[in-house]
Amino acid sequence: MLLFIVSYLQTRKNETVALDYLEHYLNEKEHVINTQTLKVIDSYDMLVQMKTMQKEAQLQKEKAEMIEKNNRAEEAARVRQEFLSTMSHEIRTPLNAITTIVSMLSERSNDEDTKLINSLKFSSNLLMWIINDILDFTKLDLGKMMLEFHPVSLRELLENIWKSYDYQAQEKGLRFKFHGGISSEAMYLVDQTRLTQILGNLVSNAIKFKKKGTVDLVVEVTKKGKQYDVLTFKVTDTGEGIESKDLVKIFESFSQIKNTITRKQGGTGLGLAIVKIL
């Protein structure tokens with residue numbers, strides 16, 4: 001009986017030791033797993049951070065390249081505009097002298113010389129018009145042109161524009177009509193020079209590229225208000241029209257369609273670009 005009790009106690013002691021070993025093993029295993037898990041997490045975090053840093057570095061590089069590209073484009077545009085402005089002013093000085101001399105010669109010319117002088121006058125005026133277009137485009141492109149508003153009798157202004165181009169239309173056998181739905185007493189704050197430039201460009205183009213038919217300048221009061229009116233200006237003609245694919249091109253700077261015609265008529269391709277910017 002005593003031997004059985006001793007044996008029993010020894011067995012219980014061995015079970016306790018075994019359980020202690022098992023518990024120790026499980027604790028160690030959990031510790032190792034936790035340590036490895038933390039290492040994996042740390043490695044993953046480092047990998048994510050590295051990728052984030054690489055992506056940020058790439059974005060910064062692309063941003064720097066874009067800024068550099070924009071700076072080069074702006075510098076090239078500035079140099080181009082300064083060149084155009086300088087050359088236009090340099091050309092204008094001797095051209096003014098030519099225009100003055102031509103006017104003086106026309107007063108004392110005989111019938112034989114009149115045709116040549118008129119041709120020279122036309123060419124000098126055309127060149128002056130081209131130079132003015134380049135100067136205006138340069139100012140607009142650099143944002144240096146300011147609108148100046150003054151009270152103007154709009155009907156009187158439009159009638160003057162009509163009279164200015166009516167003779168040009170008659171010379172080509174065209175009819176140029178003005179339809180004004182504005183009373184002569186109505187006064188508006190208008191930049192007279194720029195409005196004349198816009199409508200003049202549109203009318204001049206309409207006349208330039210027409211061989212026959214009519215050109216109409218129309219203004220309508222679309223909406224009347226206490227302080228402001230909404231006005232609609234239209235320049236229409238009976239020409240062959242413009243293909244839909246070319247409608248966007250005609251307002252681009254230095255862009256011309258129908259090259260065969262434009263070479264005969266002259267021009268820089270800036271007129272409608274100036275109209276759009278204004």
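Which residue in β5 is the bridge partner of E220? Select T232: T232 is the partner of E220. The tour returns to this pair after a look at the whole chain. Keep in mind throughout that this is a predicted model.

**Whole chain**

Colour the protein by secondary structure. Six helices and five strands should appear. Starting at the N terminus, their order is α-α-β-α-β-β-α-β-β-α-α. Switch to a surface view next. The accessible surface is about 20,500 Å², and carbon and sulfur atoms account for 58% of that area. Of the 278 residues, 23% are buried. Taking contacts between residues at least 6 apart in sequence, 68% join residues at least 24 apart.

**The sheet**

Select β2, β4 and β5. These three strands make an open sheet, in the order β2-β4-β5, with mixed pairing. The edges are β2 and β5 (230–237), each of which pairs on one side only. From one strand to the next the twist averages 10 degrees.

Now show β2 (175–180) with β4 (214–223). The pairing of β2 and β4 is parallel and runs over six bridges. To find one of these bridges, pick F176, whose partner in β4 is V215.

Move across to β4 and β5. Here the pairing is antiparallel, over eight bridges, and the E220–T232 pair belongs to this side of the sheet. Follow the backbone from β4 to β5: the two strands form a hairpin, with six residues between them. For both kinds of pairing, the link between strands is made through backbone hydrogen bonds.

**Helices on the sheet**

Add α3 (154–171) to the selection. Helix α3 packs on the sheet and touches β2, β4 and β5; its direction makes about 175 degrees with that of β2. Then add α4 (192–208). Helix α4 also lies across β2, β4 and β5, and runs at about 20 degrees to β5.

**The nonpolar cores**

Where are the residues with the most contacts inside the largest nonpolar core? Select L154 and L158, which hold that place in a core of 21 residues. At least two residues of this core come from each of α3, β2, β3 (187–190), α4 and β4. Show the side chain of L158 and its surroundings. Leaving aside residues up to four places away in sequence, L158 touches F178, L199, L217, V219 and F233.

Another core, of nine residues, lies apart from the largest one; I134, L140, L270 and A273 are among its members.

**Two single residues**

Go to Q197, in helix α4. Is Q197 buried or exposed? Q197 counts as buried because its relative accessibility is 14%, under the 20% limit. Display its surroundings: beyond residues up to four places away in sequence, Q197 touches D136, I274 and L278.

Last, select E82 in helix α1, which spans residues 2–107. With 41% relative accessibility, E82 counts as partly exposed. Draw a distance from the C-alpha atom of E82 to that of K139: the separation is 10.0 Å, although the two residues are 57 apart along the chain.

Definitions and conventions: Residues numbered from 1 in each chain as written. Predicted model: local features only at pLDDT ≥ 70, side-chain atom pairs only at ≥ 80, totals over all residues. Heavy atoms only, no water. Core = buried A, V, L, I, M, F, W, Y, C linked by side-chain atoms within 4.5 Å. Buried < 20%, exposed > 50% of the residue type's maximum accessible area, 1.4 Å probe, protein only. Helix = DSSP H or I, 4+ residues; strand = E, 2+ residues; numbered from the N terminus. Contact = heavy atoms within 4.5 Å. Pairing = 2+ DSSP bridges. Axes fitted to C-alpha atoms, helices over the stretch in contact; angles between N-to-C directions. Areas by Shrake-Rupley, 256 points an atom, 1.4 Å probe, with all protein chains shown as cover.
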